[in-house]
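Student: Could you take me through one part of this protein in close detail? I would like to see how two neighbouring helices meet.

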Amino acid sequence: MMDGAAMGARRIERRFSTALFVTAVLLAVSGGVFLLFHDRAFSGVVLPLALCFSSDGVVEIATRENLGGIQRHVAFLLVLLGAATALYRALWWWGISPLREAVSAPVLLAPPGRREGVALVVLLLAGGALRLHGIDRSPYYDEAITEVFFVDAPTLWETVSRTYVFTNHQGYSVLARWSRAAFGEGNWSLRLPAFVLGLLGLYVLWGFVRERLSPQVAAVALAIAALFPVHVEWSKEARGYTGVFLLSVLSCRLFLKILQQPSLARALLLSAVNALAGFFHLYAVYLPLSQAIVLLLLAVRARGWAWAALPEAALSRGAFRVLGLAFPLSALLLLAGVWPTLPEYMRSMEATAGRTPHLTLPLHLVEALCGYPPLLLIPFLLALVVCGVRTMSGTHLGPLLLVMCALPFPAILLLRPRDAYPRFFAYAFPIFLMIMAIGAVRVWAEPRRRWALRAPLLLLAGATFLSWGRESLSPGVSEGFKDAARGMRADAPSDTACCALGHCAQVLAAYAGPGTRVLSYEEELLDLRCAHPEVRCVFRTAYPSGVPVPRVAGVRPILPLEDWMRRILSEADEVRRYGNVSVCILRSFPAGPE
């Protein structure tokens, strides 16, 4: 007979299964209702919800066909969610049915000794010094968009409910908004949350590796992460990648802890961490998906299928139960957080889908995972990773790394084929660095041919750290948006007209201050030159050629933007350059068109 705790656990399982079944049925029925009664359902449900969550309170519905298309998309999404819920319920019951309850004793770690503590402080200080270098530089494109439209938005609701082509990392924008409120306006205060999250990520990674492996591997992993140029750059960018790095380590730590010692509290915390990681960057959704696939592999192993063998401790019923509860909760929390921006995400994915895939992404990802060293050092670093994966082949870490890196490729190449970057895999970087550290320690501790391996290891590791340090101290990306916009007004006479045009015109106008006009047509610039003795134009010089400005009925369209900018540059009496941004001062009126 089962005791009271076991009976309570089985009762929770039955209730959870019932809730999944009811949810699947409701979603499927709702999809059918939307298809059959789309006019009433859309006007009575979808449109009020869209108006409620729209940042400006306006939803454009141009034609009847457009309404029908939106209706079909909503119905398809509901049916898809219903089918996914039903499949999840079936897999959950299939996985949990052969498992048994198990209790494992907690593992107690000795506190770090004096030498270990000194090494920790020294590495954190060195990493902090690298990350402070260049933290006050002028923001580049993505940072400028984040600052103007999201961090400096009038209300907190606008900060979290608006986005532009995946530019708004809502979690980071909120922290940057609070940092600005506490420390005032400044480039360093805009990037302060990234710096703090970066140092926290280093410390949490050290603690995670020390808990799972050994103090020696933890010290090597911390040294690698502290000098790793990609993480150094993320720590001084006003973006959410260091937040994803930190939350990824916490999530993996909780996931592996739950596999050993199931706990509902840990499962709830795992749900919150996974959802928060997605709030920092939407592609962190692959983190819980990767964990779910590893859990499924463990369930397959529990049924005795040799091809999925993982020699680590067997999966318990309690771990499968609480993790099965955690993953849907993560999805619900993340959906609640990104719901206001979900339409913009969908439009962005739809606009980029179908383009030629970015087939060189795997090569760029390998370069980023290795820290952009010289090409001759990449095989050495990959060899360390292979050695680390072989060392951890009897644990959950090896499969977790492989799934976390391989899973997103098809989805990212389909959803954003031309706009995929290695930084989208930020959640996999800490596990990769940890595996690299494991491989380095394994090679160093190899008993056979010890010095024949240690000498090349020291030489190549020294060359790698030297390369990483040089890369980390590089100036970084700075396009000159803020310097150019503010320099345009620095010595301008009172009767000077200031304007911004082209790509990023709204950002440049916001930096320049009140009174700066955003121009879209050549006639507007001619009018300014007729009315003012001096006109100053600021625009981003680096712009793809052949991109026309949208046409407006009754107004003659201007030349392609690049041609227009070249004409302004050739007619300007004075040109000031700030990185990729130019300020043109026009004093004499040009000859009229032929």
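Tutor: Happy to; here is a look at one helix pair. This is a predicted model, in which local features need pLDDT of at least 70 and side-chain atom pairs count only at pLDDT 80 or more, while totals for chains, interfaces and linings use all residues. Residues are numbered from 1 along each chain as its sequence is written, and side-chain values use heavy atoms, with hydrogens and water left out.

The protein has 25 helices and five strands, taken as DSSP runs numbered from the N terminus (helices: H or I, at least four residues; strands: E, at least two). Our pair is H8, residues 187-212, and H9, residues 215-227. Their axes lie 8 Å apart and the packing angle is about 155 degrees; axes are lines fitted to C-alpha atoms, for helices over the stretch in contact, and angles run from 0 to 180 degrees between N-to-C directions. H8 and H9 are therefore roughly antiparallel, a label for angles over 145 degrees.

Now to the side chains, with contact meaning heavy atoms within 4.5 Å. From H8 come Leu202, Leu205, Trp206, Val209 and Arg210. They meet Pro215, Val217, Ala218, Ala219, Ala221, Leu222, Ala225 and Ala226 of H9. By class, the residues of this contact are twelve nonpolar, no polar and one charged; Ala, Val, Leu, Ile, Met, Phe, Trp, Tyr, Cys and Pro count as nonpolar, Asp, Glu, Lys and Arg as charged, and the others, Gly among them, as polar.

For the wider setting, among contacts in the protein between residues at least 6 apart in sequence, 76% join residues at least 24 apart.

Conventions:
Angles under 35 degrees count as roughly parallel, over 145 as roughly antiparallel, 65 to 115 as roughly perpendicular and the rest as oblique.
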